[in-house]
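Me: I am new to this structure. Please take me through it in short questions and replies.

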Amino acid sequence: MKTFLTTTALALGLAAPAMADDITVGFAIAQSGWLEAYDTPAATAARIRIDEINANGGLLGKQIVWTQADTKSDQAQSASAGLQLIDEGADMLIVSCDYDFGAPAALAAESEGMNSFFLCAEDVKAGIQGVGPNSFSASVLAAVQGATMAEWSMAQREAKTGYVLLDTTIEYNKGICTGFDWMFPAAGGEIVGRDTFKNGDASIASQITRIKALSEEPDVIMLCSYIPGAASAVRQIRAAGINSLILNGSAVDGSYWLDATPDLSGFIVPVQGSIYGDDPRPAVEAFNQAYEKATGSRPASSYAYPGYVLIDLWAKAVERAGTLDGAAVTAELEKMQGEETAFGPRSFSDQLHHQNSAEMQIVEISSGTPAVVGSWTISTPVPLDVLLK
Amino acid sequence: MGTVAQLFFDAVSLGGIYAMAALGIALIFGVMNLVNFAHGEYIAFCVFALIVPSTDAVAVMFLGKAPALVLIPALLILGALMAMTSEYVVFRHFRRADPVAMMIASFALGFVIQNGLLAIYGSRPKAISLWPSLNTPIHVAGADVPLLQLIVIIATLLVVSGLALLLKKTRIGLEMRAAAENFTMARMLGVRANVVITGAFALSGALAAAVAMIMVTQTGVADVRMGGSIMLVAFIATVIGGMGSLPGAVAAGFLIGAVSVLLQAFLPLDARPFRDAFLYTLVIVCLLLRPQGLFASPNSKPRV
């Protein structure tokens, strides 16, 4: 009996993606390896939106089902995961957070003329520029985060001098610093120095020596890095007695690493929404609670949110196009200008499948406690030539 | 004056970490010609032993809660046990295998440890606040030096002189030196192979634990991949120090740390992202000029 049930369950499980009446969303994401921590929350959020759509009658009158294949945080596996899902009948692909790891699967979708969405890639290449005309990213470009930090710190904290500390390990970091470098001088600030380090460096003592050698402590330090390197840099900067306001990209969001620098203050993170329950928009907190219901814990960082946004936008575009055809859905997505979502308005164009401007919540960590201190939208969208630098 | 002193302390403290890691690799290479690529994972293992096993994003201190007097010996012993276990379970079966097979086995072991940590702790990096007050700078000779940097420098000197004493003055030390020189001959003369090799692994594991404590105090984070980069530097240090030469590994560890800090300090900004490329170019030059390593022991040359 047990065997029979197992066999039936297996058969149903295998048959489910092939059912003609359903719409299949394929997740070619990391279910194991280091990237899993970034892919799983966003994928969970995407599935929450899928469940909501199904509960409201589905998409084009059909239910959405999902299949997944593990990329094992490996670029070569990403391509085969993508191909496997396409073979199994996926109608669109959702790929890993990171451009380098999501692109092989996205390229597989592109070659079939299918839509692909990066879960939370923030490099301009994750879209038209690096994959092709039917590829999108649901997140906000890294350069927008850096530019937001530059403009906000000057307007709200009267910052005049800035120091740029770039972790050269990944492209995302360079994107943040590019945005800061573009906006800070343009808004009248002066960059008084810059330095680089690597995420895995055992010590950044010589970088700190250079900051301390400045005649005056800079008002802000733009730290373009991610956890764990960022946490380690902050610990060392604060321990050395440097009290400048530290600006960051969204990648350091989440309070899980704050123990690395006990009692941290003057640390700013721009995010798409607050995980701390104090977001001014009720829809964000409603999502946080839905996420907690689905997984047993609140999101650990704001990187869950783009997953929800991407299904929301894609489903709207499919509904408007009346078809799942990649090119038709792309055309509808590109018509979106200031399309409302739970996490703020989103726009796409035939030049850019990314957000080159977005409303960001500013989270400040004071005495080890994060809280939203305002929201900011940059005055000018980041131009394409800056993004492609 | 202040700048020179600052550079000196930055260089020596980074070099000290590298030297300790290199020593751990050189010890094992000396007795059994094994380049243990799992050494970086021993370091990561010791770091994670500080926190409660869980895939939750927020880390809860486990061993890390203990007072320093308990924590330090406990972690050193744990590192030693980890290394001894891996010797017993894996490397003992490769005694007669050629060094390439052993090296591959060490890669495989490293992979198993890393994935074990991933499975138990999840892939998100964790924050660990171990002795944060040690990062507070104090004023020495015109430079601001975090207390930890001084501790690293002193600890490295203590470890190196302690090891030198052990190797020179004790029976096991004598046996290790004999084994490093000519393992077969040493065995024929009554040196107990298992004791010597297990002893070398225990010391190597304890050194990995020491590096782990320094790294975690300095950076405040635990990441499953954190041992990889330091392992690479340490391995290179053992190569340019002269494979199997313990003083060579220590000297080369300090040298790499110093050169790395000097490059970071004096390279122009545009070239600074390529610091490691410059560093490794110097390593290549070093090896072209002295393929046997800078401080090779005379007996490492093939004798005809």
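Some conventions come before the questions.

Reply: Residues are numbered from 1 along each chain as its sequence is written, and chains are lettered from A and ligands numbered from 1 in the order in which they are written. This is a predicted model, in which local features need pLDDT of at least 70, side-chain atom pairs count only at pLDDT 80 or more, and totals for chains, interfaces and linings use all residues.

Me: What radius of gyration does chain A have?

Reply: The radius is taken over C-alpha atoms, and the globule rule is 2.2 Å times the number of residues to the power 0.38. For 389 residues, a compact globule would come near 21 Å, and this agrees with the value for chain A, 21 Å.

Me: How far apart are the C-alpha centres of domain 1 and domain 2 of chain A?

Reply: Domain bounds come from an automatic or database domain assignment. Here domain 1 of chain A is 2-139 + 283-334, and domain 2 of chain A is 142-271 + 359-387. The distance between their C-alpha centres is 31 Å.

Me: What distance separates the end C-alpha atoms of helix α10 of chain A?

Reply: Helices (H or I, at least four residues) and strands (E, at least two) are DSSP runs, numbered from the N terminus. The expected span of a helix is 1.5 Å times one less than its number of residues. For the 14 residues of α10 (residues 282-295) of chain A, that gives 20 Å, which agrees with the distance between the end C-alpha atoms, 20 Å.

Me: Around the axis of α10(A), what arc do the buried residues cover?

Reply: A residue is buried if 20 or more other C-beta atoms lie within 10 Å of its own, exposed if 12 or fewer, and partly exposed in between, with C-beta atoms placed from the backbone. The buried residues of α10(A) are A:Val284, A:Phe287, A:Asn288 and A:Tyr291. They lie on the same side of α10(A), because the arc, taken from the directions from the helix axis to the C-beta atoms, is only 105°.

Me: Which residues are exposed on the other side of α10(A)?

Reply: The buried residues of α10(A) have a cover that includes α2 (36-55) and α11 (305-321) of chain A. On the other side, the exposed residues are A:Pro282, A:Ala286, A:Gln289, A:Glu292 and A:Lys293.

Me: Which element gives the largest share of the side of chain B that touches chain A?

Reply: Two residues are in contact if their C-beta atoms, placed from the backbone, lie within 7 Å. In this sense 38 residues of chain B are in contact with 34 residues of chain A. The largest share on the chain B side, five residues, comes from α1(B).
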